[in-house]
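Dear colleague,

Here is the structure I promised to hand over to you. Please keep it open while you read, since the notes that follow go through it part by part.

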Amino acid sequence: MWRRLGFLSPAISSSKRQNRIPESLKLVMLFATDAVKDDITASRRPFITFVLGGPGSGKGTQCARIASAFGFAHLSAGDLLREEMSCDSKKGKLIRDIIMEGKIVPSEITVHLIKEAIMSSSADRFLIDGFPRSEENRIAFETIIGVEPNLVLFFDCPEEEMVKRVLGRNQGRIDDNIETIKKRLKVFEMLNLPVINYYSAKGKLYKINATGTVDEIFEKVRHLFGSLRP
Ligand SMILES: Nc1ncnc2c1ncn2[C@@H]1O[C@H](COP(=O)(O)OP(=O)(O)O)[C@@H](O)[C@H]1O
Ligand SMILES: Nc1ccn([C@@H]2O[C@H](COP(=O)(O)OP(=O)(O)O)[C@@H](O)[C@H]2O)c(=O)n1
Ligand SMILES: [Mg+2]
């Protein structure tokens, strides 16, 4: 088991915004019995890092580097949703419409995909990239999977730089256009900042200035992960 971190930088002002938990999620929570949680935690307790930051802040890029340098399995919530979106089903279409609007997919869908990915992996440490995007996401993960993250990374990047990076990403994503980016930035501020503040208050947040080159940012990340001991 990895040591708890005592030196993480807190430092984000608290937010008063609250997110409502929809009835459908309350039902899922009601049935998230210990038996379900035990699927993941009975035989092992993996080290879980949530990786947060606005669109284009460099989450995916840095996760790939961390995964190869430190042996983490990299699970991108966005990639899992895009894979599901490509299925010609009602659920696939729902996900597509939500992503196109820059909104957040219902938590039960995303947490289910993450749970499946964790269960089908033998890794003992995971980077969960782009999750939780809202308080609803966070609460659903804790309730359904039954564990809290050991560490939360936050790539802090100015909006202007994020927009520039997303518009230059060139991966053919349906949400990498200026209209959807504007919406995603608003959603990030409204729904994701409260999650970041929550983990900051819990002393689990490590905030990284995400300006500079990929190498410069990775140096800071490497310093953090290099100081962790299994
Ligand atoms: N430090 C950086 N400087 C310039 N471009 C970057 C940097 N980090 C990532 N990028 C590029 O910006 C785009 C968005 O990065 P990505 O890792 O996909 O961000 P996110 O997952 O947070 O949306 C990609 O095209 C990536 O190659
Ligand atoms: N936890 C999550 C993660 C992504 N998403 C959706 O997927 C989109 C793309 O997420 P992403 O993490 O791949 O995007 P980037 O921040 O990497 O650009 C988001 O804008 C949301 O619409 C979600 O609904 N819930
Ligand atoms: Mg990404």
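I begin with one residue in a loop: Gly 102 lies in the stretch between helices H5 and H6. Please bear in mind throughout that this is a predicted model. Is Gly 102 buried or exposed, or something in between? Burial is judged here by counting neighbours, and a residue with 20 or more other C-beta atoms within 10 Å is called buried, while one with 12 or fewer is called exposed. Gly 102 has 18 C-beta neighbours inside 10 Å, and therefore it counts as partly exposed. Leaving aside residues up to four places away in sequence, Gly 102 touches Asp 175, Thr 180, Lys 183, Arg 184 and Val 187. For one of these partners, Val 187, the C-alpha atom is separated from that of Gly 102 by 7.4 Å, although the two residues are 85 residues apart along the chain.

Leu 151, which is found in strand S4 (residues 151–156), can be judged by the neighbour count too. Leu 151 counts as buried because it has 21 C-beta neighbours inside 10 Å. Its C-alpha atom and that of Leu 205 are separated by 6.5 Å, with their positions 54 residues apart along the chain.

For the protein as a whole, there are 10 helices and five strands, and buried residues make up 34% of its 230 residues. Among the contacts with a separation of 6 or more, 84% are between residues 24 or more positions apart.

Next come the helix pairs, and both of those described here involve H4 (residues 77–85). The axes of H4 and H5 (residues 90–100) come within 8 Å and cross at roughly 130 degrees, which means that H4 is oblique to H5. This crossing of H4 and H5 is left-handed. On the H4 side the contact is made by Leu 81, Glu 84 and Met 85, and on the H5 side by Lys 91, Gly 92, Ile 95, Arg 96 and Ile 99. By class, these residues are four nonpolar, one polar and three charged.

How do the axes of H4 and H6 cross, and at roughly what angle? The axes of H4 and H6 (residues 107–119) come within 10 Å and cross at roughly 105 degrees, so the two helices are roughly perpendicular to each other. Here H4 contributes Ala 77, Leu 80, Leu 81 and Glu 84, and H6 contributes Thr 110, Leu 113, Ile 114 and Ala 117. The residues of this contact divide into six nonpolar, one polar and one charged.

Finally, there are the ligands. Ligand 1 is surrounded by 14 residues, of which the closest are Gly 58, Lys 59, Gly 60, Thr 61 and Arg 165. Helices H3 and H10 (214–226) each supply at least two residues of the shell around ligand 1, and the largest share, three residues, comes from H3. That shell has three nonpolar, eight polar and three charged residues.

Ligand 2 is surrounded by 20 residues, and the closest are Pro 55, Ala 77, Gly 78, Val 105 and Gly 130. H3 (59–70), H4 and H5 each supply at least two residues of this shell, with H4 giving the most, three residues. The shell around ligand 2 divides into eight nonpolar, seven polar and five charged residues.

With best wishes

Terms used: Residues numbered from 1 in each chain as written. Chains lettered and ligands numbered in written order. Predicted model: local features only at pLDDT ≥ 70, side-chain atom pairs only at ≥ 80, totals over all residues. Axes fitted to C-alpha atoms, helices over the stretch in contact; angles between N-to-C directions. Helix = DSSP H or I, 4+ residues; strand = E, 2+ residues; numbered from the N terminus. Parallel < 35°, antiparallel > 145°, perpendicular 65-115°, else oblique. Left-handed = near helix turned anticlockwise from the far one by under 90°. Contact = placed C-beta atoms within 7 Å. Nonpolar A, V, L, I, M, F, W, Y, C, P; charged D, E, K, R; others polar. Near = placed C-beta within 6 Å.
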